[in-house]
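Trainee: Could you take me through one part of this structure in close detail? I would like to follow a single residue and see what surrounds it.

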Amino acid sequence: MRYRLDGVRVFDGIDGVIDRAHITIDGTRIVDVTPSGAPPPDDPEVRMIDLTGYTVIPGLIDAHTHLAGGDVVAGAADYATSRRLGESTATQAFRTVEAAHKTLRRGITSVRDMTGREYLDVDLAAAVEAGIVRGPTVRASGVGLTITGGHVHMRCTEVDGPAEVRKEVRAQIKRGVHWIKLMGVTGGLATVGRHPLAPQFSLEEIVAATDEAHRAGVRVAAHAHGAEGIRNAVEGGVDSIEHGLFIDDELAEEMAKRGVFLVPTLMNDMKYQEALARGDAMGSAVRQRQRLADEGRPIPSPEERMAVARRHGVRIISGTDAGGNALVRHGDNAEELVMLVRTGFTDLEALAAATGHAAEAVGLPERGRVRAGFAADLIVSRADPTVDVRVLVGGAGVDGVIKDGRVVHVSDFDVPLAPLIDRG
Ligand SMILES: [Zn+2]
């Protein structure tokens, strides 16, 4: 099918805004973006959709999700219960599909998944690509690697020493991962008993992982909170730092120099503060944060962390940790953009961190832009996210979602895209 969106305001995914343009979509791709005023290509077979007054931006990319098993059970203090570890893989797969649907309806058209269960993310990626399941394009990391007893050992593969790391990386590449997730680079806030900042994998083990992965064209992400762990990961050659709570000037400078990007998952901070105010923050997170405060090392605020990273030009990418804990839920992903704005980004910079820049960072070079030749992954909005990203929260301003050229969601039947809806 060939169709044209007429009269729309366009954000291109990096920094360009066109006030009025025509966007032509043929099959799965954008084939033309022409500013109004200039005549669009003459094409008698194109179906024209008048979207005057609407804004079109690239579909959002969330660089840090945990889709496998869907949302974490709120209020359950026990890890096995909260992650429903007792459920069959099939039931977990159904929950994964439900989370994928919700994510896509809210306009998140691609995700990088940062650890799942039994390769559900790898299989979801393939199922979406094959058209079996409707969902965002997935860059999958399979099952995270951690040290014996390390961070999230309940759900990761425990490996010790460079030889075991290498073997596990090879096995995961064989199974089809696009990314390797090194979970045990430092402790975390969710795994009580281990210090949240203490390094776990050695530099040697990290080098074994990046060497093995990079030779196969697979990238490596490191969960890291403490400065020493971040340093090990950056020196060890990882491609992204997840969370990075204790990033400092020296680390930020090195990350910028090496092109290592940062996924700060600021929604974790926002949701934790909200839960604390409500009085229902989880025990483990409260205890781990208190432990750091007692040691005189309170977690720097999102504003402080972003100031350090931005001062040195670190590439910051939007990622939420949706499904990583009970506070951050699938479908709420756009709230990360609000946090980026709260910590100093302009609305356009926040959008770019979740579209054009995110696509490049996670390894989806044909997505994340509204440009000829790119995949037609788009959000259509009556509101204007380019001047206020808050309109995307909760899907309120997400009036249409186009995935690979197909209209997969409209907010109501007054949206001119409605006749094109593909109920699949
Ligand atoms: Zn996570």
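Mentor: Happy to! Let's start with D321, which is buried yet has no salt bridge. Keep in mind that this is a predicted model. The nearest side chain of opposite charge belongs to K181, and it is 6.2 Å away; a salt bridge would need a side-chain nitrogen of Lys or Arg within 4 Å of a carboxyl oxygen. As for the burial, D321 counts as buried because its relative accessibility is 8%, the cut-off being under 20%.

So what does this carboxylate do here, in terms of geometry? The zinc ion is coordinated by D321 through OD, together with NE2 of H64 and NE2 of H66, at 2.1 Å. Along the chain, these donors follow the spacing H-x1-H-x254-D. H66 sits in the loop between β6 (60–65) and α1 (79–82), while D321 sits in the loop between α10 (302–311) and α11 (335–342), so this pair ties together parts that are 255 residues apart in sequence.

H66 deserves a second look as well. With a relative accessibility of 9%, H66 also counts as buried. Besides sharing the zinc ion with D321, H66 is joined to D321 by a polar contact of 2.9 Å between their side chains. Leaving aside residues up to four places away in sequence, D321 touches H64, H66, H243, T265, N268 and V328. Two of the zinc donors, H64 and H66, are thus in that list of contacts.

If you want to carry on to another region, try the strands around β15. Strand β5 (residues 55–58) pairs with β15 in the antiparallel sense over four bridges, and T55 has S381 as its bridge partner in β15. On its other pairing, β15 (residues 378–381) is joined to β16 by three bridges, again antiparallel, with V401 as the partner of I379. In β15, L378 and V380 point one way and I379 and S381 the other way, and all are buried.

The pattern in β16 (residues 400–403) can be read in a similar way: G400 and I402 point one way, V401 and K403 the other, and all are buried. Four bridges then join β16 to β17 (residues 406–410), antiparallel once more, and V401 has H409 as its partner there. β16 and β17 form a hairpin with two residues between them, and D404 in the turn has a positive phi of about 50 degrees.

Notes. Residues are numbered from 1 along each chain as its sequence is written. This is a predicted model: local features need pLDDT of at least 70, side-chain atom pairs count only at pLDDT 80 or more; totals for chains, interfaces and linings use all residues. Side-chain values use heavy atoms; hydrogens and water are left out. Donors are N, O and S atoms within 2.8 Å of the metal (3.2 Å for Na, K and Ca); water is not among the atoms, so sites may look incomplete. Buried means under 20% relative accessible area, exposed over 50%, partly exposed in between (1.4 Å probe, protein chains only). Lys and Arg count as positive and Asp and Glu as negative; His and the chain ends are not counted. A polar contact is a pair of N or O atoms within 3.5 Å; within protein, one must be able to donate a hydrogen and the other to accept it, and residues adjacent in sequence count only if both atoms are side-chain atoms. Contact means heavy atoms within 4.5 Å. Two strands pair if DSSP finds at least two bridges between them.
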